[in-house]
Amino acid sequence: MNPDQYCQDKAARSGSSFYYSFLFLPANQRRAITALYAFCREVDDVVDRGGEPTIAAVKLNWWRDEVGRLFTGEAQHPVTRALTPVIKEFDLPQEQFLEIIDGMEMDLEQHRYASFKDLALYCYRAASVVGLLAAEIFGYRDRHTLKYAHDLGIAFQLTNIVRDVYEDAQRNRIYLPLDELQQYGVQETDILNKKETPAFHDLMRFQAERAKRYYEQAFSQLPDEDRYSQRCGLIMAAIYRATLEEIERDGFHVLQHRISLTPLRKLWLASKTALRTRRYKRRTASLQCCLLYTS
């Protein structure tokens, strides 16, 4: 199995919403974003499936060294070998790969967050950095697109936190800021023991509203001229927002079951969003023609 196929299999097996957005990219971008996603899955699996924290820490250190080897042309792992031409073609910075590992390391060392300010750093490392790398792969003309990528990453991570409250609690991780638990009168033991209360539902509604604000903030910062090139992120946003809306319609019973969309619905949302962004491609092309004509 060659490195690209390894990454493709890794992405396909995950069943992630991200996979559906990759289908609408040209081949070189699809290979690049699939390799980036596979890298994220590899380091995430170290933490979530690595067992003993000390062993997981050793594995993350190996990945830090492997990132160094990636940027000196000596990659050993199939994922980093797949990334070798990607980092050159799209000029991806080494420090952002290391920041992703920093985010995974936070999962080993920090299981509670005192405030949203503290949580925001984790969200940045775990998701925004990935968004910034993805934005480079998809391409952009206006640097405001990087602000969009940053905020969309935060929105994705906040959606994950709402969706996975109990799953995370089973690993003794509570990403809901502790000062907000106190504000709403929710105890850590309520979450750990699957005790849903009206106060818990109010807290989750507050978290969902924050995620929605980040989606809106992200969209407001994406220039029209980059909407088509960034369609992959917009597809993911459509799927993630639909998931958040389903959780809301379900009454925020996230301690009882995990809400997810069917593959068919994800594909429908992906196709619908991709089609909608095509008009921005035509608009940008028309504008370029006008500029050429008047220059």
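**An all-helical predicted model**

Of the contacts in this protein with a separation of 6 or more, 73% are between residues 24 or more positions apart, a contact being heavy atoms within 4.5 Å. This is a predicted model, in which local features need pLDDT of at least 70 and side-chain atom pairs count only at pLDDT 80 or more, while totals for chains, interfaces and linings use all residues. Residues are numbered from 1 along each chain as its sequence is written, and side-chain values use heavy atoms, with hydrogens and water left out.

As to the fold, the protein has 14 helices and 0 strands, where helices (H or I, at least four residues) and strands (E, at least two) are DSSP runs numbered from the N terminus. The radius of gyration is 20 Å, close to the 19 Å that the globule rule gives for 295 residues, so the protein is as compact as a globular protein of that length; the radius is taken over C-alpha atoms, and the rule is 2.2 Å times the number of residues to the power 0.38. Of the 295 residues, 52% count as buried, meaning under 20% relative accessible area with a 1.4 Å probe and protein chains only.

Now to confidence. The average pLDDT, the predictor's confidence in each residue from 0 to 100, is 91, and 94% of the residues score at least 70. Among the elements, helix α12 (residues 198-220) has the highest mean, 98, and helix α14 (residues 263-294) the lowest, 69. Over residues 285-295 pLDDT stays under 50, and the model has 1 contact beyond four places in sequence for them. Where pLDDT is low, the predicted coordinates should not be read in detail.

Conventions. Buried means under 20% relative accessible area, exposed over 50%, partly exposed in between (1.4 Å probe, protein chains only).
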